[in-house]
Amino acid sequence: MPAFATPLQTIKPRTPGWRPGERVPGEYYPTPREAITALLAVERLDGSVWEPACGDGRIGDILRARGHFVVCTDLYDRGGGESGVDFLKQTAPRARNIMTNPPYGSGLADRFVDRALALTAQTGGKVVMLLNLASLCHPPRTAWWQRHPPARIYGVDECICWDEAQLGPKWWPGIRQRYIWAVWETGHTGPSSFWWLPVQKYGKPAF
């Protein structure tokens with residue numbers, strides 16, 4: 001075993017009741033700030049943005065620093081915005097664009113994308129989602145991707161979504177997932193374009 005690896009049995013999570021290898025309670029896997037900054041260095045959002053799984057508010061903070069009006073909501077209260085808002089039950093858009101790192105468990109990410117596309121169809125805005133790379137090559141999802149191709153897909157070369165403050169050491173098979181930013185534009189048809197997104201090239205945000 002590599003020297004930096006920690007056996008699962010020795011991890012002492014700070015979240016009561018959580019066991020290594022299980023899904024994190026509430027699907028809380030916060031997005032690294034540098035992965036957000038990297039995406040915004042190459043992708044432009046025009047107008048207001050709704051962050052519907054805001055967690056501690058880091059996506060919203062970075063967007064506001066770039067001059068956007070941002071609406072932050074979440075089902076849970078993690079200090080980043082209005083809590084108690086179930087995005088999957090929303091029928092009226094709260095901003096022109098939607099950008100988030102959605103929850104993944106039990107097909108939630110698929111449902112988040114569907115809901116976001118339906119809402120931005122009313123505004124003409126973009127949908128920007130941080131998703132598991134494996135979802136692109138998954139037989140039950142192939143037909144869906146073909147019907148709803150993103151305008152652009154960015155392969156994120158370095159991204160660990162892990163709440164160290166709550167769960168302790170950064171060692172769990174889940175952190176080895178690879179991620180993409182997928183960007184849908186209203187009215188887009190045809191194949192998606194793909195590009196590689198080197199996270200460290202764009203540095204870390206100032207906060």
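Which residue of β6 does Val-127 stand opposite? In this predicted model, Val-127 stands opposite Trp-184 in β6, and this pair is a convenient place from which to start reading the strands.

Strand β4, which covers residues 126-132, pairs with β6 in the antiparallel sense over seven bridges. Strand β5, covering residues 152-156, also pairs with β6 in the antiparallel sense, here over five bridges, and within this second pairing Ile-153 stands opposite Ala-182 in β6. As for the surroundings of β6 itself, which runs over residues 179-185, six of its seven residues are buried, and the strand is therefore largely enclosed by the rest of the structure.

Helix α3 comprises the 13 residues 108-120, and its length can be checked with simple arithmetic: at 1.5 Å a residue the helix should span 18 Å, and its end C-alpha atoms are indeed 18 Å apart, which agrees with the expectation. The buried residues in α3 are Ala-109, Phe-112, Val-113, Ala-116, Leu-119 and Thr-120. Because they cover an arc of only 130 degrees around the axis, they lie on the same side of α3.

The last stop is on the surface, where Phe-194, Trp-195 and Trp-196 form a nonpolar patch whose accessible area together is about 410 Å². Phe-194 has its place in strand β7, residues 193-197. The relative accessibility of Phe-194 is 39%, and because buried means under 20% and exposed means over 50%, this residue counts as partly exposed.

Note on methods: Residues are numbered from 1 along each chain as its sequence is written. This is a predicted model: local features need pLDDT of at least 70, side-chain atom pairs count only at pLDDT 80 or more; totals for chains, interfaces and linings use all residues. Side-chain values use heavy atoms; hydrogens and water are left out. Patches are made of residues with over 30% relative accessible area and no salt bridge: like charges are joined within 9 Å, nonpolar side chains (Val, Leu, Ile, Met, Phe, Trp, Tyr) within 5 Å. Accessible areas come from the Shrake-Rupley method with a 1.4 Å probe; for residues, only the protein chains shown count as cover. A salt bridge is a side-chain nitrogen of Lys or Arg within 4 Å of a carboxyl oxygen of Asp or Glu. Helices (H or I, at least four residues) and strands (E, at least two) are DSSP runs, numbered from the N terminus. Buried means under 20% relative accessible area, exposed over 50%, partly exposed in between (1.4 Å probe, protein chains only). Two strands pair if DSSP finds at least two bridges between them. The expected span of a helix is 1.5 Å times one less than its number of residues. The arc is that of the directions from the helix axis to the C-beta atoms.
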